[in-house]
Amino acid sequence: MNSDANRKRIQDIEQCFGNSGQPLVLPGRVLVGEGVLTKLCRKKPKPRQFFLLNDMLVYGNIVINKTKYNKQKLLPLENVRIQSHPDVGDLKNGWQIISPSKSFVVFAATSTEKTEWMAHINKCVQDLLNASGKTPSLETSPVWIPDSQARGCMLCSTPFTMLNRRHHCRKCGKLVCDDCSKHRWNFPQQSSKPQRVCNTCYKDLNSTSNLNMPSEPPMSDSDSEDSDDEDETENGDRKDEAQFYGGQN
């Protein structure tokens, strides 16, 4: 795809997200690939539209396939790393996308698409690091364990009920009860507010540093769920093959 056509496609993507999305057209920015991937959300797997730019991974909920998206998320690639993920039931061809602000698992429709996505992401990350001379951040957010994978607290084994709710530790991603996650910790890359951590992670964090510890646990619960996971829109079609573009420069 030539540079003019590539720039026009980025403009089209920007318009598909509407006023709720961030501007995507920037000098030197190139669209490397796009396609629908199944994202392993906390409640159930859901299709999400992904766009790989040479410096950014963009994804969002599908409102109208190939026409309208919402709840845009941006992940700068220079701090992204990826690794293969085992099959989950009928979901195959998966890998983890890991970053300081957010980490999650996605699945491609075929093994070929998985290989292509991973190869292109790795190349974009490496090109960015080579150009900037930076080293990737060592800080990462955890991949959350889906709700269905634990019927009880993963620390004390108390069953989850309507009253004994599930919570995710923002340090390890485990599902824990409220009694096992009373503490909060500051993770600036994840949120501006102190985040819930399990008792085990709190002890580990407290033993190594007091710099990020809130002075007092907040009275209000900061355990807000991922709005991306709460949206039930599922108009994506995994049968659409991912597209990758060459010769943009």
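In this predicted model, ring pairs join Phe17, Phe51 and Tyr69 into a cluster. The structure as a whole holds 8 aromatic pairs. One of them is formed by Phe50 and Phe104, whose ring centres are 6.2 Å apart; with the planes at 40 degrees, the pair is tilted. Phe50 belongs to strand β2 (residues 45–53) and Phe104 to strand β7 (residues 104–107), so this pair ties together parts that are 54 residues apart in sequence. Phe50 is buried, with a relative accessible area of 1%, and Phe104, at 3% relative accessibility, counts as buried too.

Phe104 has a further ring partner in Tyr59, where the centres lie 5.1 Å apart and the planes meet at 55 degrees, so that this pair is tilted as well. Since Tyr59 sits in strand β3 (residues 56–64) and Phe104 in strand β7, the pair ties together parts that are 45 residues apart in sequence. Tyr59 is buried, as is Phe104. A charge also enters the picture around this ring: the charged end of Lys39 sits over the ring of Phe104, 5.2 Å from its centre.

Attention now turns to helix α1, which also contributes to the aromatic cluster through Phe17. This helix (residues 3–17) has 15 residues and reaches 22 Å from its first C-alpha to its last, close to the 21 Å expected at 1.5 Å a residue. Within α1, the residues Asn6, Ile10, Ile13, Cys16 and Phe17 are buried. Viewed down the helix axis, the buried residues of α1 fall within an arc of 115 degrees, so they line one face of the helix. Asp4 and Gln15, on the other side of α1, are exposed. The cover over the buried residues of α1 includes strands β1 (31–40), β2, β3 and β4 (68–76). Strands β2 and β3 thus appear here as well as in the ring pairs, where β2 holds Phe50 and β3 holds Tyr59. Just after α1, Gly18 takes a positive phi of about 70 degrees.

Some values for the whole protein complete the description. Its secondary structure comes to 4 helices and 12 strands. Of its 249 residues, 43% count as buried. Among contacts in the protein with a separation of 6 or more, 54% are between residues 24 or more positions apart. The protein exposes about 13100 Å², and carbon and sulfur atoms supply 49% of that area.

Definitions and conventions
Residues are numbered from 1 along each chain as its sequence is written. This is a predicted model: local features need pLDDT of at least 70, side-chain atom pairs count only at pLDDT 80 or more; totals for chains, interfaces and linings use all residues. Side-chain values use heavy atoms; hydrogens and water are left out. Rings of Phe, Tyr and Trp (its six-membered ring) pair if their centres lie within 6.5 Å; planes under 30 degrees apart count as stacked, over 60 as edge-to-face and the rest as tilted. Helices (H or I, at least four residues) and strands (E, at least two) are DSSP runs, numbered from the N terminus. Buried means under 20% relative accessible area, exposed over 50%, partly exposed in between (1.4 Å probe, protein chains only). A charge sits over a ring if NZ of Lys or CZ of Arg is within 6 Å of the ring centre and within 35 degrees of the ring normal. Contact means heavy atoms within 4.5 Å. Accessible areas come from the Shrake-Rupley method with a 1.4 Å probe; for residues, only the protein chains shown count as cover. The expected span of a helix is 1.5 Å times one less than its number of residues. The arc is that of the directions from the helix axis to the C-beta atoms.
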